[in-house]
Amino acid sequence: MNYLSTRGAAPPLGLGAALEAGLATDGGLYVPERVPRLREEDFDGCATLATVAARLLRPFFAGDALAAELDAICAEALDPPAPLRAIAAHTWLLELFHGPTAAFKDFGARFLAASLARRRGADAAPLTVLVATSGDTGAAVAAAFHRRRGFRVVILYPDGRVSPRQAHQLGCFGDNVHALRVAGSFDDCQALVKRALADADLKAALPLTSANSISLGRLLPQMSYYALAALAHRRAQGTKLDIAIPTGNLGNALACILARAIGLPIGEIALATNANRVLPDFFAGGEYAPRASVSTLANAMDVGAPSNFERLRWLYPDEAALRGAFRSEAVDDEEIREVIRRSRERYGTLVCPHTATALRLLERLRARGDSRDWAVAATAHPAKFDEVIEPLIGAEVEVPPALAALLRRPSRSEPLAADYAALRERLMAI
Ligand SMILES: *Cc1c(COP(=O)(O)O)cnc(C)c1O
């Protein structure tokens, strides 16, 4: 299988090279040259996340040196569970927060790390993984590459604009992980990373890659938990599973969309956003109009220009077909607060502010009479957002053991001006 750029002006690459490159040289995103088709029977005997993933990803690895390592990569990286938990009639939470940093991004980061480590081998020159993060990506990437020989991680995050626990997580790894708190916004951090990745002189001196939400290494493994959930649901209930997904850069949702296109028994896919409503406006019939993002309680979804939208256009070249294929609705901070306030009583569980957007979208559907089987993707553990949730419920949020262990470690970050020369100098000195 070869991988092509969504912009069509970069040479095709094999899987391993596309994983390592991140963004294509023409600024596009890598997509497979065709969408493989699988049948439900192809998954007979696959009952775990790792075995479902290995089956699902086999066509994507075909012809690449990493194909021989696929089972081992899946077993190593897709080890945290992704359970479907019933929370109401016909309603499940797909819990994606049981990895080391308590957000779904652990799956993609671990898969990318396991793949790159095998691709590069032990003797390669050290690769620097540069990430801009609005909170959860940086920690997941840090955890996945921490103490891996041959890799360094440099995280840029906007000082004061991630939750206190997110900030602690970013700085608590140490060793080969460097956390830089930037005097600026997330957009500034992203612009710095882009500039570094386009700096040929820098890259000649310092092998450099990124690990953001456009990486194929994240898209591919994220399909597997939707596949496992839909297959388990089909085996137990005989029906397709409809899925509501909290959406920012469209990375997580795109994995679900691709899994459905491959043939997994997924019904409707609903995209919930926070007050950043580029996608709802588009699906309501407007132009696709990226804009500056606004800050919300669901900060990991504060995105004004969803970077994976190009992949959606690739999968649905016909705009009318694209608009008809999905539902997308925005949920504002007041509604996020209300869902969180009532969630324990109504569903027997707390949800994070991101998950609350998708749960709210589903509540609206239920109010309109929808009685189908829905799963809501629960993208982070509520304990990561204690400063939002605790005042709303008037109680403490219980911290899962893996997160508690990270929060007990000392944490340290270095300040950085939102200035490319300063970043370059810092990178050369690491
Ligand atoms: C990153 C993130 C999202 C948004 O995911 P995208 O792939 O960018 O759409 C939602 N919830 C949480 C908790 C996240 O960390």
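A residue counts as buried when its relative accessible area is under 20%. Keep that cut-off in mind as you look through these close-ups of a predicted model.

**Figure 1. Helix α10, residues 251–262, seen among its surroundings.** Eleven of the twelve residues of α10 are buried, so this helix is largely enclosed by the rest of the structure. The buried residues are G251, N252, A253, L254, A255, C256, I257, L258, A259, R260 and I262. What do they pack against? Their partners are the helices α2 (49–61), α9 (216–237), α12 (309–315) and α13 (319–325), together with the strands β9 (241–246) and β10 (266–273).

**Figure 2. The span of α10 and the residue just after it.** Try a little ruler work here: with 1.5 Å for each residue, a helix of twelve residues should span 16 Å. The C-alpha atoms at the two ends of α10 are 17 Å apart, which agrees with that expectation. Just after the helix comes G263, where phi is positive, at about 125°.

**Figure 3. Q222, a residue of helix α9.** Is Q222 buried or exposed? Its relative accessible area is 2%, and under 20% counts as buried, so Q222 is buried. Setting aside neighbours within four places in sequence, Q222 is in contact with F104, G251, N252 and A255. You have met some of these names already: G251, N252 and A255 are among the buried residues of α10.

**Figure 4. T101, in the loop between β4 (91–95) and α4.** Although T101 sits in a loop, this residue is buried, with a relative accessible area of 1%. Which residues does T101 touch, leaving aside its neighbours within four places in sequence? The contacts are D106, A139, A140, A143, Q169, F173, K384 and L406.

**Figure 5. Helices α3 (residues 70–77) and α4 (residues 105–120) crossing each other.** Here the two helix axes come within 9 Å and cross at roughly 140°. An angle over 145 degrees would count as roughly antiparallel, but α3 and α4 fall outside that group and are therefore oblique to each other. Their crossing is right-handed. On the α3 side, the meeting residues are A72, I73, C74, E76 and A77, while α4 contributes R110, F111, A114, S115 and R118. Sorted by character, the residues of this contact comprise six nonpolar, one polar and three charged.

Notes:
Residues are numbered from 1 along each chain as its sequence is written. This is a predicted model: local features need pLDDT of at least 70, side-chain atom pairs count only at pLDDT 80 or more; totals for chains, interfaces and linings use all residues. Side-chain values use heavy atoms; hydrogens and water are left out. Axes are lines fitted to C-alpha atoms, for helices over the stretch in contact, and angles run from 0 to 180 degrees between N-to-C directions. Helices (H or I, at least four residues) and strands (E, at least two) are DSSP runs, numbered from the N terminus. Angles under 35 degrees count as roughly parallel, over 145 as roughly antiparallel, 65 to 115 as roughly perpendicular and the rest as oblique. A crossing is left-handed if the near helix is turned anticlockwise from the far one by less than a right angle, and right-handed if clockwise. Contact means heavy atoms within 4.5 Å. Ala, Val, Leu, Ile, Met, Phe, Trp, Tyr, Cys and Pro count as nonpolar, Asp, Glu, Lys and Arg as charged, and the others, Gly among them, as polar. The expected span of a helix is 1.5 Å times one less than its number of residues. Buried means under 20% relative accessible area, exposed over 50%, partly exposed in between (1.4 Å probe, protein chains only).
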